[in-house]
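Here is a short guided look at one protein chain. Keep the picture open as you read, and try to find each part for yourself.

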Amino acid sequence: MTALEKIGPQPTRLGGTALYDWDYLVQEDRAHRLIYTDPAIFEAEMRHIFGGTWTYLAHESEIANANDFITRRMGLRPLIIVRDSDGKIRALYNRCTHRGTTLCRWEKGNTKSFQCPYHGWNFLNTGKLRGVPWPEGYADDMRDPKYNLAQVPRVESYRGFIFGTLNLDALPLNEHLGPIATIIDEWLGRNPGGKVVVCEANRFRYKGNWKLAYDNSCDGYHVAYSHRSLLETENRFAGENAKGMAYYRNSPDTQPMYMRYTGHGNHFKDKRPNLEKRPGGLWALESAHPGMEHYEADFIRRYGDRAFALLDLAGSEPVNINVFPNFSLLGNHIQVFEPVSVAETNAIWYGTMIVDADGSLGADAVTDINALRMRTQEGFPNFGEVDDIANFEQIQRGLMAIEDEWVYMNRGLGIPDRVKTHEDGSITAPATDEAFMREHFKEWKRLMLARPNFAIQREP
Ligand code: FES
Ligand SMILES: [Fe+2]
């Protein structure tokens, strides 16, 4: 049993933002600039959003073995995500219980205990205080659980993706994910054994609010304009066989791709209906990246008939799956949004590899596919993300015009039969509609108004 500690007087209603009129700040068709620029709202979000709902923390493959750890964040809380000696996954607060310094300054590693760099208190990877230097100097019983590290009380995984919440009343993770879990299953399902292994990341930091990235995660309206230079680069030599995101060029709303909102702030943009269903159909759309023609020729030479099916395993799946507030699956990548301050955010793209779970591919093919998957970092993650980040930074600048208060998200709203609500409550709309944004802001507002049952826990 682990001791639960309720946090602060209950209920706390948003501290410094108690008098804010949330219905005014977020309306059906527009949002107020303050939600992107006000430090008090940001601070409230760090509890009500990054704490009140499930936040993505890490992937199980990053801590595959007992005593593996990585350091991450939940909102601004520094965490150590660890697989303890018994194999249990924990999210420990990376915060020494003595005087509050971060305990672990490494990004990752393997250890049974953490020693604080300041005065040397030593903690087991279960979070329990193991010992302190010269304990005779304390009259207090240092076995009191208050000295054990705080930890996130609820940590759950879905198919390897680890999420955490401080809210004891939050739905179980799989119910919270609901229909988006099926899309995650499909994203994983094209890989052997339905698995990926997370590898290193491509890291960006931009000077803008974290929500600007989430607002863009399902946005099909900006592609042809914001990413024009990328589209032109991809297609300079392609002629009629346009690649990459070329299906945004002409009337994207009449294409079979669409967006779907599935509840709890989660949505996806599905460009898979644009694919030709044949071996090599996905690879044919793969955007230009250095050396790809050489790789393709090499695959054909070495793998013959299997080459195009194998190349599809390296191709970027054309679906953006977004789990509110900080997680996206795009192409072959996991993207995580990490707030830094009201006007600063990390946007991190983790690469993923496949594993030959049942040995059917063979070691050579797996190595070749994974090498090529890494090259896909040189497509959109490097040359598209910079376009988006430039927009986020310029929005943050634009929103400093304080008298001009509103951000509009009304594309598709009020046009008969355009936005469809289905029996399961999910909502579909053409690819360029902003229905996804209107819906995730309803969830944002619900969480900001809620009185979550917050707790942390410590080993007894
Ligand atoms: S702050 Fe960690 S031992 Fe003093
Ligand atoms: Fe974009």
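## A pocket and an iron site

Strand β13 provides six residues to the lining of the largest pocket, the largest share of any element. This pocket has a volume of about 520 Å³. It is lined by 24 residues, and those closest to its centre are Thr71, Arg72, Glu107, Arg203 and Tyr350. The table shows the elements that each give two or more residues to the lining.

| Element | Residues |
|---|---|
| β4 | 68-74 |
| β5 | 77-83 |
| β13 | 197-206 |
| β19 | 344-353 |

Keep in mind that this is a predicted model. The average pLDDT over the chain is 93, and 96% of the residues score at least 70. Residues 9-13 are a stretch to treat with care: their pLDDT is below 50, and the stretch has ten contacts in the model beyond near neighbours in sequence.

Now turn to the metal. Which residues coordinate the iron ion (ligand 2)? They are His222 and His227, each through NE2, and Asp388, which is listed with two OD contacts, at 2.1 to 2.4 Å. Along the sequence, these donor residues follow the spacing H-x4-H-x160-D. Distant parts of the chain are linked here: His222 lies in the loop between α6 (210-216) and α7 (223-226), while Asp388 sits in helix α14 (residues 385-398), 166 residues apart. Both His222 and Asp388 are buried.

Why is the arrangement around the iron ion (ligand 2) called irregular? The four donor atoms subtend angles of 57 to 143 degrees, and this spread makes the arrangement irregular.

Key. Residues are numbered from 1 along each chain as its sequence is written. Chains are lettered from A and ligands numbered from 1 in the order in which they are written. This is a predicted model: local features need pLDDT of at least 70, side-chain atom pairs count only at pLDDT 80 or more; totals for chains, interfaces and linings use all residues. Side-chain values use heavy atoms; hydrogens and water are left out. pLDDT is the predictor's confidence in each residue, from 0 to 100. Contact means heavy atoms within 4.5 Å. Donors are N, O and S atoms within 2.8 Å of the metal (3.2 Å for Na, K and Ca); water is not among the atoms, so sites may look incomplete. Four donors count as tetrahedral if all angles lie between 85 and 135 degrees; four count as square planar and six as octahedral if opposite donors are over 155 degrees apart and all others between 65 and 115; anything else is irregular. Helices (H or I, at least four residues) and strands (E, at least two) are DSSP runs, numbered from the N terminus. Buried means under 20% relative accessible area, exposed over 50%, partly exposed in between (1.4 Å probe, protein chains only). On a 1 Å grid over the protein atoms alone, a cavity is a set of points where a 1.4 Å probe fits but cannot get out, and a pocket is an open set with protein on both sides within 12 Å along at least five of seven lines; lining residues have an atom within 4 Å of a point. Grid points are joined across faces, edges and corners, and a volume is the space filled by probe spheres set on the points.
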